[in-house]
Amino acid sequence: MQAQHLSNEVKKVQCDAIIEACRHAWNGYKQYASGYDALMPISKKGQNWYSSSLLMTPVDAFDSFYLLKMKAEADEAKKMIFQGLSFDKDMDVQLFEVSIRFLGGLLSSYELDGDPRFLNLARDLGKRLLPAFNSPTGMPYRYVNLQTGKTRDPLSNPAEIGTYLLEFGKLTQYTGDSIYYRTAKKASFEVFKRRSKIGLVGTVIDVNTGTWVNTESQIGARIDSYYEYLYKAWLLFGDKECKAAWETSNDAIIKYLYVKTSKGAFFTRVDMNTGKERQPLYGALDAFYAGILALSGNLALAENIQQGNTYMWVKFHLEPEEFNFRNDSLTAAGYPLRPENLESCFYLYRITKDEQYLRMGKRMTDDILSKCRTAAGFAAVKDVRTMEMEDSMESFFFAETLKYAYLIFAPESNLDLNKIVFTTEAHPLKIAR
Ligand code: DMJ
């Protein structure tokens, strides 16, 4: 009783601290970067990804404001979006990033808020993104021009090819046009069918020829959300083929990549054809896999990985982008305010109710809020050894990092995991089977 009472107290304080941090970051954006894609939190300037702004921060942040019950901020973001966002621009955009941040953000905003203008923007964007998939294999090019549909960059990777099932599936649901889900599914399965004899995929593939250019297999950067969407397409739409593809893929991952150590478990990097280890590297992005394992019922493995995730965080006092888990040497020392470790912690706490995950969540959140804060917002860290900061605050800090941090401590009634599925950018989409 006493422990329960204590933890409710901690949860409330934690939620308030996260809301305060979110408000601080948004105020910085409004004051110094209003109208831009993102805030540069050290130089106090705005920054655009392309030749003109697509209002990435307000779009990515809206549903977090909504879930954190920050009504004034949600209204401000909404106003900015409807006054200033247009996709009718002669600009090459990165299909993957625009789909997960904008399409996902607009669709979840529509489902939460109900304003049809969110859906209209999502439909317009969806149409403009479709030409990206016009390759000989059906796997998309990395860049597409929003006005002309011109494509470029055929050397792609599983994540940038196979992370469209959820957002495009929702477009199919709302437009009644099957082209979106069909196109996304074909792209994912073009990767899946090119898996090696032992069931693994590589890191780089040519979408014109369908040949692998880099055969290193891992579950982090450039592959991660391809696997995530196979499982989540089953959760969101009940797609059994996606579930079967996930199971085949996950079996191979556990067989060849999963490594249990005394520090916890990690995923290594192997050759996709032989399963032989190439580099024992693990990092911030890989940390998401504990969450998807927990969601898919592989709880024991998920808990072992989360132990590894916690080791990585505590060892470096803030997790690095990449380290050698056999000798603890750092190979990429930055921390760009990533959410994946908190994301896994959220799923594990929701599923097990084990208070150790509350403690982990608290440790990580407290570190981020205290070490990354600047006068204008929160900044990425260039090197976790020196804590030198970098002039960047990615929109996923709003969309994911603060959202998962909050949801670990918020009452469960705020969000029912039986009713929604989070996209890879943490935009909740309603299950409608
Ligand atoms: C986000 O944009 C998404 O989570 C993506 O799948 C991976 N990288 C960032 C967050 O780290």
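Trainee: Which residue in strand 15 is the bridge partner of L281?

Mentor: Good place to start! In this predicted model, L281 has N324 as its bridge partner in strand 15.

Trainee: What makes strand 14 and strand 15 count as a pair?

Mentor: Pairing asks for at least two bridges between two strands. Strand 14 and strand 15 (residues 322-324) have two bridges, in the antiparallel sense, so they meet the rule.

Trainee: Why is one side of strand 14 and of strand 16 left without a neighbour in the sheet?

Mentor: The open sheet runs in the order 14-15-16, with antiparallel pairing. Strand 14 (281-282) and strand 16 (330-332) are at its edges with a single partner strand each, so each has one side without a neighbour in the sheet.

Trainee: How do you know that strand 17 and strand 18 pair?

Mentor: The same test applies: at least two bridges are needed. Strand 17 (residues 380-383) and strand 18 (residues 388-390) have three, in the antiparallel sense, and therefore they pair. Within strand 18, E388 is the bridge partner of D383. The hairpin they form has four residues between the strands, and M387 there takes a positive phi near 60°.

Trainee: Now for the domains. Why is the link between E394 and R101 called a salt bridge?

Mentor: The rule wants a side-chain nitrogen of Lys or Arg within 4 Å of a carboxyl oxygen of Asp or Glu. For E394 and R101 the closest N and O atoms are 2.9 Å apart, which is inside that cut-off, so the name fits. Across the interface of domain 1 and domain 2 the rule finds one salt bridge, while the count of residue pairs in polar contact there is 14.

Trainee: Which elements supply at least two residues each to the side of domain 1 that touches domain 2?

Mentor: Among them are strand 12 (269-271), helix 11 (289-295) and helix 13 (340-352). Helix 11 gives the largest share, four residues. By class, that side of domain 1 has 18 nonpolar, 10 polar and seven charged residues.

Trainee: How much area do domain 1 and domain 2 bury between them?

Mentor: About 3300 Å², with 64% of it on carbon and sulfur atoms. On the domain 1 side, Y50, L257 and M272 lose the most area to domain 2, together 25% of what that side buries. In contacts, 35 residues of domain 1 meet 42 residues of domain 2.

Trainee: And what separation do the centres of domain 1 and domain 2 have?

Mentor: Taken over C-alpha atoms, the centres are 23 Å apart. The domain assignment gives domain 1 as 1-50 + 257-425 and domain 2 as 91-256.

How values were computed: Residues numbered from 1 in each chain as written. Predicted model: local features only at pLDDT ≥ 70, side-chain atom pairs only at ≥ 80, totals over all residues. Heavy atoms only, no water. Domains from an automatic or database assignment. Contact = heavy atoms within 4.5 Å. Buried area = accessible area lost by both parts, 1.4 Å probe. Polar contact = N/O pair within 3.5 Å; in protein donor to acceptor, adjacent residues only side chain to side chain. Nonpolar A, V, L, I, M, F, W, Y, C, P; charged D, E, K, R; others polar.
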